[in-house]
Amino acid sequence: MAIKRSQVREAQKRALEYFKAAGIVLTDEEKERIEVAEFGLGNLEREGLEILVYVNTSRYCAKELILFPHQTCPEHRHPPFDGEPGKEETFRCRWGTVYLYVPGPKTENPSAQPPSPHYTVFHEIALKPGDQYTIPPNTLHWFQAGPEGAVVSEFSSTSRDELDVFTDPNVKRIPEIIED
């Protein structure tokens, strides 16, 4: 599925409200570069993510991730590439609450609910403002915002989003935008 340009613009506009709530100032150019990832699933509110990449070099990457209320980034991993172990990333919650799920003992009564059957790891790490967690390379993970949404800073080794491996075979990481 594709996302309409008008839907992208609306999601970018909403994301700016979250940046403001978190006290994060953006340049006009950065505001225009907010990526709206709906993962080809056709339900941005349920499974989607808004992303602003500040820098992505051959050595490191820095991004902001915006999640609308209960919005989920589908389960995935960052595989090895070209002799490197895959992306290692640290999530630091800036605003709201984000529930991160990684391998480990299944959390009883988890705070988030997976939006489809394509989720396999259920060890919950709850991140509130100031909390952070580092995800090792090639580790399955997914995350979902709490009821108010969330702003998460991501610091990582080089990001190669097009190589991400998703548990759901229907996911398309690179968005297809159609003009309307």
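Where is S116 found? In this predicted model, S116 sits in the loop between β6 and β7.

## Overall fold

The protein contains two helices and 11 strands. Along the sequence the order is β-α-α-β-β-β-β-β-β-β-β-β-β. The radius of gyration is 15 Å, close to the 16 Å that the globule rule gives for 180 residues, so the protein is as compact as a globular protein of that length. Taken along the principal axes, the box filled by the C-alpha atoms is roughly 45 × 40 × 35 Å.

Contacts between residues far apart in sequence account for much of the picture: among contacts with a separation of 6 or more, 74% join residues 24 or more positions apart. Of the 180 residues, 46% count as buried.

## Surface and charge

The accessible surface of the protein comes to about 8,900 Å², and carbon and sulfur atoms make up 51% of that area. The protein carries 20 positive and 29 negative charges, and the mean positions of the two sets are 2 Å apart.

## Nonpolar cores

In soluble globular proteins, nonpolar side chains tend to be buried together. Here the largest nonpolar core has 21 residues, and L49, F91 and F143 have the most contacts inside it. Two or more residues of this core come from each of β3 (49-56), β4 (61-67), β6 (89-102), β7 (123-127) and β9 (141-156). The largest share, five residues, is given by β6.

Apart from this core lies another, of 15 residues, with Y18, L26, L44 and F68 among them.

What does F91 contact beyond its neighbours within four places in sequence? Its partners are L65, L100, L127, D131, Q132, Y133, I135, F143, V152, S153 and E154. One of these, F143, is also listed with F91 among the residues with the most contacts inside the largest core.

## The S116 and E47 loops

S116 is buried, because its relative accessible area is 18% and the cut-off for buried is under 20%. Leaving out residues up to four places away in sequence, S116 touches R46, E47 and D168.

E47, one of those partners, is found in the loop between β2 (35-37) and β3. Is E47 buried or exposed? E47 is buried, with a relative accessible area of 9%. Beyond residues up to four places away in sequence, E47 is in contact with E38, F39, L41, T72, P74, P115, S116 and Y119. In the case of T72, the two residues are 25 residues apart in sequence, while their C-alpha atoms are 4.7 Å apart in space.

## The R33 loop

R33 lies in the loop between α2 (28-32) and β2. Why does R33 count as partly exposed? The relative accessible area of R33 is 35%, and partly exposed covers values between the buried limit of 20% and the exposed limit of 50%.

Not counting residues up to four places away in sequence, R33 touches I51, L52 and V53. R33 and E124 are 91 residues apart along the chain, and their C-alpha atoms are separated by 31 Å.

Terms used:
Residues are numbered from 1 along each chain as its sequence is written. This is a predicted model: local features need pLDDT of at least 70, side-chain atom pairs count only at pLDDT 80 or more; totals for chains, interfaces and linings use all residues. Side-chain values use heavy atoms; hydrogens and water are left out. Helices (H or I, at least four residues) and strands (E, at least two) are DSSP runs, numbered from the N terminus. The radius of gyration is taken over C-alpha atoms; the globule rule is 2.2 Å times the number of residues to the power 0.38. Buried means under 20% relative accessible area, exposed over 50%, partly exposed in between (1.4 Å probe, protein chains only). Contact means heavy atoms within 4.5 Å. Accessible areas come from the Shrake-Rupley method with a 1.4 Å probe; for residues, only the protein chains shown count as cover. Lys and Arg count as positive and Asp and Glu as negative; His and the chain ends are not counted. The place of a charge is taken as NZ of Lys, CZ of Arg, CG of Asp or CD of Glu. A nonpolar core is a set of buried Ala, Val, Leu, Ile, Met, Phe, Trp, Tyr and Cys residues joined through side-chain atoms within 4.5 Å.
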